[in-house]
Amino acid sequence: MVDNDELSARLDTSDEWIRTRTGIGRRHVVGPGMSTVDMAVEAGRRALQSAGSADIDAVVLATATPDQICPASAPQVASRLGLGPVAAFDVNAVCSGFVYALATAAGLIAGGVSRRVLLVGADAFTTLLNPDDRATVPIFGDGAGAVVLRAGDPDEPGALGPFDLHSDGELSDLLVVPAGGSRMKTSQNPADSYFSMQGPAVFRHATARMAESSRAVLKQVGWTVGDVDRLIGHQANIRILHATAKQLGLPADSLVVNIERTGNTSAASIPLAMVDGVNDGTLQSGDRVLVTAFGAGLTWGSTVLRWPGVTPA
Ligand code: COA
């Protein structure tokens, strides 16, 4: 765990600036030798324990920081969990990854391809950051969270959907690691190998897109804003979460918030907020929950569910 004071000791920033501008107080950072797969395996193990069964026929890993650029990391997660030769693949929609992967897993089940899916959101996002960049280092943290999805009745608690998913590739430069991919494998400029972010523009897009997508999904499911008990938004910045709730006309206390102790954990942010929301009693069985996320790509999306009576392991 790295708190703001530790960061302030080596970067030109302060606990006061980070807290007031982002709501973040501390974040987990992977130690040397630890990776996305290591965290995903631990989260997956706990989700299987909570579900009471390791009977899984697909593993979907939402991540933008796979252990290697090739292959995907989900097969390593599946094999380290001892799940056998199950379907396993990554979904990369960065901070929207968990919502995109929920839609993917729900589609696998609805299409009869899978019966029970282990869905993990995991990112070692700090491995993408320039350690000297005060614009990004305070904001991001590392983590993993997981859920098990199964086929069921659309009326039972936990039933997911509909979904509202979008992207805008014209704005991909707002949040980007320029080098390392097929367009520019290596670069003479060290900055190209690190994540760069145009913070204020991202702030505006994140708020507008999450509010717009939330409205769209509420319209699809036929709920009014007043029907929503809880809003689980991507934990990017407390001010983005508050602005999104305000744009929707939801009270701030409907938000499930854990950003103070996590930072922005990218694809892990929503499942970690879910676990913390259950543990602190914010999320109750039967709650009508709106889930919304925004991330690099740009990508964004939303879904709804009735909160199931789950006990995190
Ligand atoms: N510590 C101290 N000062 C900092 C700082 C830091 N860590 N980072 C930036 N500043 C300074 C800037 O240099 C600027 O100084 P100036 O006015 O002298 O030029 C000032 O603080 C304001 O910077 P600005 O970038 O305009 O601040 P902001 O209020 O927009 O907050 C973010 C910056 C990054 C917190 C905010 O834009 C944000 O959260 N954006 C969205 C990021 C995000 O969610 N990314 C992930 C999307 S999934």
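This is a short dialogue on reading the ligand site, domains and backbone of a predicted model.

Visitor: What should I know before reading the model?

Guide: The model is predicted: local features need pLDDT of at least 70, side-chain atom pairs count only at pLDDT 80 or more, and totals for chains, interfaces and linings use all residues. Residues are numbered from 1 along each chain as its sequence is written, and side-chain values use heavy atoms, with hydrogens and water left out.

Visitor: How many residues surround the ligand, and which are the closest?

Guide: A residue is near a molecule if one of its heavy atoms lies within 4 Å of it. Here 22 residues surround the ligand. Thr13, Arg21, Arg134, Gly199 and Asn237 are the closest.

Visitor: What is the class make-up of the shell around the ligand?

Guide: Ala, Val, Leu, Ile, Met, Phe, Trp, Tyr, Cys and Pro count as nonpolar; Asp, Glu, Lys and Arg count as charged; the others, Gly among them, count as polar. The shell has 11 nonpolar, seven polar and four charged residues.

Visitor: Which side chains have an N or O atom listed beside a ligand oxygen?

Guide: A polar contact is a pair of N or O atoms within 3.5 Å; within protein, one must be able to donate a hydrogen and the other to accept it, and residues adjacent in sequence count only if both atoms are side-chain atoms. Arg21 has a polar side-chain atom 2.6 Å from a ligand oxygen. For the side chain of Asn237, the distance from an N or O atom to a ligand oxygen is 2.6 Å. For the side chain of Arg239, it is 3.3 Å.

Visitor: How much of the ligand does the protein cover?

Guide: Accessible areas come from the Shrake-Rupley method with a 1.4 Å probe; for residues, only the protein chains shown count as cover. On its own, the ligand has 950 Å² of accessible area, and the protein covers 70% of that.

Visitor: Which elements give two or more residues to the shell?

Guide: Helices (H or I, at least four residues) and strands (E, at least two) are DSSP runs, numbered from the N terminus. The elements are helix H2 (15–22), helix H6 (199–221), helix H7 (238–248) and strand E11 (288–295). H6 gives the largest share, four residues.

Visitor: What domains does the chain have?

Guide: Domain bounds come from an automatic or database domain assignment. The assignment gives domain 1 (2–150) and domain 2 (160–306). Their centres, taken over C-alpha atoms, are 14 Å apart. Contact means heavy atoms within 4.5 Å. By that rule, 43 residues of domain 1 are in contact with 42 residues of domain 2. The ligand shell draws at least three residues from each domain.

Visitor: Where does UniProt place the "active site"?

Guide: UniProt positions are given in the numbering used here, feature names are shortened, and annotations may be inferred rather than shown by experiment. An unreviewed UniProt entry places the feature at Cys95, His234 and Asn264. They are spread over 170 residues of sequence, yet cluster in space, with a largest C-alpha distance of 8.4 Å. Cys95 is in the loop between strand E4 (87–91) and helix H5 (97–110).

Visitor: What is notable in the backbone?

Guide: Start with that loop between E4 and H5, which also holds Val94. Val94 is not a glycine, but has a positive phi of about 50°. Next come cis peptide bonds. One joins Cys70 and Pro71, with omega about 5°. Pro71 is in the loop between strand E3 (58–62) and helix H4 (74–80). The bond from Gly297 to Leu298 is also cis, with omega near -15°. Leu298 is in the loop between E11 and strand E12 (299–306).
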